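Thanks for coming. I have one structure to go through today, and I will keep to the ligand and the space around it. Please bring it up on the screen.

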Amino acid sequence: MTPTAYSFLGLTAIVAGLVGVLVFAMLRFAAAARDTRRQLSPAGGGDTAILTAALHEAVAKLKAQERATAARAEASERLSGEIIASLTAGLLVVGLDGDVRILNRAGRRMLGLAESTPLGDYRQVLGEPTLIQVIDECLARRQAIVRREVGLPQARHDTSHLGVTVSPLFDERGELHGAICLFSDLTAVKSLEQQLRLKDSLATVGELTAGIAHEFRNGLATIHGYSKLFDLNAIPEAYRPYVEGIRAEAESLGQVVTNFLNFARPAELTLSRVDLRAICERAADEVRADVRALGGDVELRGDFGAVDGDEVLLRQAFSNLLRNAVEACAAASKPPRVVIQSGIDRVQNMSRIAVEDSGPGIPASARERVFRPFFTTKRSGTGLGLALVQKIVVFHNGRIIAGSSPLGGASLQITLPLAS
Ligand SMILES: Nc1ncnc2c1ncn2[C@@H]1O[C@H](COP(=O)(O)OP(=O)(O)OP(=O)(O)O)[C@@H](O)[C@H]1O
Ligand SMILES: [Mg+2]
């Protein structure tokens, strides 16, 4: 071997050694790096997981809170809806733009609006000038109006009087944004007041005048009696009509006084359970022959209840009504069609009976006056028939009103409390 070869071999051995050292160092470095990564990696992953879990938990809590809040809001909305719906008073909320925001079931009933009637501007929805005026006044004055009485036209619905309280609605900044209106049905209270007033005035009239009327009747009987003593054949012919006139006038005045005494006499009811159908049948039987003779008919329709009442007086009341119906048709030369239409109001525990006819009807302007004593449009009428009917009805704690009938004529509508 040449020295060159020896030195080349030595150099190769040195380079190989260096490469070996380098490879060893690199392997150690890689192993150390792997260890470090292995040591580092579990610690870093743990922090991230904790953070993620905390975040998830917070989001879940927030969601649960949101769900609970929504459920609470829904429950409170449902509760206020139930409260509004079950209020026996009417509730109406209007915005400044005039839109009805709320009108509960009781309110619709009192205003005669069906459940399906769409809401819009309160002036259109209510259609009652007096009621609209109260709300307008509250909004204009920005002040509450407490317990104002408002009358409603009878024809539209059963409610004729409302007690109304309207308050302005302000937001948290004190800005007016509408009005809230609470109303209650005063019809029953009003009718009770009216009944009591009528009973009072009838009792006073009775006390004051019954005595005088009695004296009057005695005097008339005497005049009539003396006039009967005249022998018409024994007096000059020229005087006969005068005597006949005295007799006829005394007779008709006597009838007026008798009717008036009937009306004015303090009402003493002999109470028993009275079947209204039977009463009406008998009253109808009394006029049937006359009605048929005039080419008409009288019939009973619907459900009739029973009342605790005076049978004789109630029959007299229905007889008077039927007589009036027949007379009205006859005077107008119309064949009388008379229907006694009855229904039972279970809610108010009332019997509602209407005597309807096909006559000329009662003009709206006279519908209250017809019940006044001595109001008559007939030549031979005393004008006490309906006054007596009203008295009988009122003393049975009922009500009577005059209206128009689908048959074209009058409708006299009676409401009586049903027997307990
Ligand atoms: N069914 C009816 N249709 C039209 N008008 C009626 C009817 N019933 C009553 N009236 C009107 O009411 C008035 C008063 O009636 P009411 O019965 O009190 O007295 P009258 O019938 O005139 O007299 P009386 O009953 O003493 O004979 C009548 O004169 C009539 O004008
Ligand atoms: Mg009459």
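The lining of the second largest pocket breaks down by class into 18 nonpolar, 15 polar and five charged residues. Before going on, note that this is a predicted model. In total, 38 residues line that pocket, and its volume is about 990 Å³. If you want to find its centre on the screen, look for Asn324, Glu327, Thr376, Lys378 and Gly385, the lining residues that lie nearest to it.

Which elements build the lining of this pocket? Helices H6, at 240-264, H8 and H9 each give at least two residues, and so do strands S10, at 350-357, and S12, at 410-417. H8 has the largest share of that lining, with nine residues.

Now the ligand. Ligand 1 sits in this second largest pocket. There are 18 residues around ligand 1, and those that come nearest are Asn324, Thr376, Thr377, Lys378 and Thr382. By class, the shell around ligand 1 has eight nonpolar, eight polar and two charged residues.

Two helices each supply at least two residues of this shell: H8, residues 311-331, and H9, residues 385-395. H8 again has the largest share, here three residues of the shell.

Next, the polar contacts. What does aspartate 357 offer to ligand 1? A polar atom of the aspartate 357 side chain lies 2.9 Å from a nitrogen atom of the ligand. The backbone takes part as well. Leucine 386 has a backbone N or O atom 2.8 Å from an oxygen atom of ligand 1, and a polar backbone atom of glycine 383 is 3.2 Å from an oxygen atom of the ligand.

How much of ligand 1 does the protein cover? On its own, ligand 1 has 590 Å² of accessible area, and the protein covers 88% of that.

That is what I have on the ligand. I can take questions now.

Definitions and conventions:
Residues are numbered from 1 along each chain as its sequence is written. Chains are lettered from A and ligands numbered from 1 in the order in which they are written. This is a predicted model: local features need pLDDT of at least 70, side-chain atom pairs count only at pLDDT 80 or more; totals for chains, interfaces and linings use all residues. Side-chain values use heavy atoms; hydrogens and water are left out. A residue is near a molecule or strand if one of its heavy atoms lies within 4 Å of it. A polar contact is a pair of N or O atoms within 3.5 Å; within protein, one must be able to donate a hydrogen and the other to accept it, and residues adjacent in sequence count only if both atoms are side-chain atoms. Accessible areas come from the Shrake-Rupley method with a 1.4 Å probe; for residues, only the protein chains shown count as cover. On a 1 Å grid over the protein atoms alone, a cavity is a set of points where a 1.4 Å probe fits but cannot get out, and a pocket is an open set with protein on both sides within 12 Å along at least five of seven lines; lining residues have an atom within 4 Å of a point. A molecule sits in a cavity or pocket if more than half of its atoms lie within 2 Å of its grid points. Helices (H or I, at least four residues) and strands (E, at least two) are DSSP runs, numbered from the N terminus. Ala, Val, Leu, Ile, Met, Phe, Trp, Tyr, Cys and Pro count as nonpolar, Asp, Glu, Lys and Arg as charged, and the others, Gly among them, as polar. Grid points are joined across faces, edges and corners, and a volume is the space filled by probe spheres set on the points.
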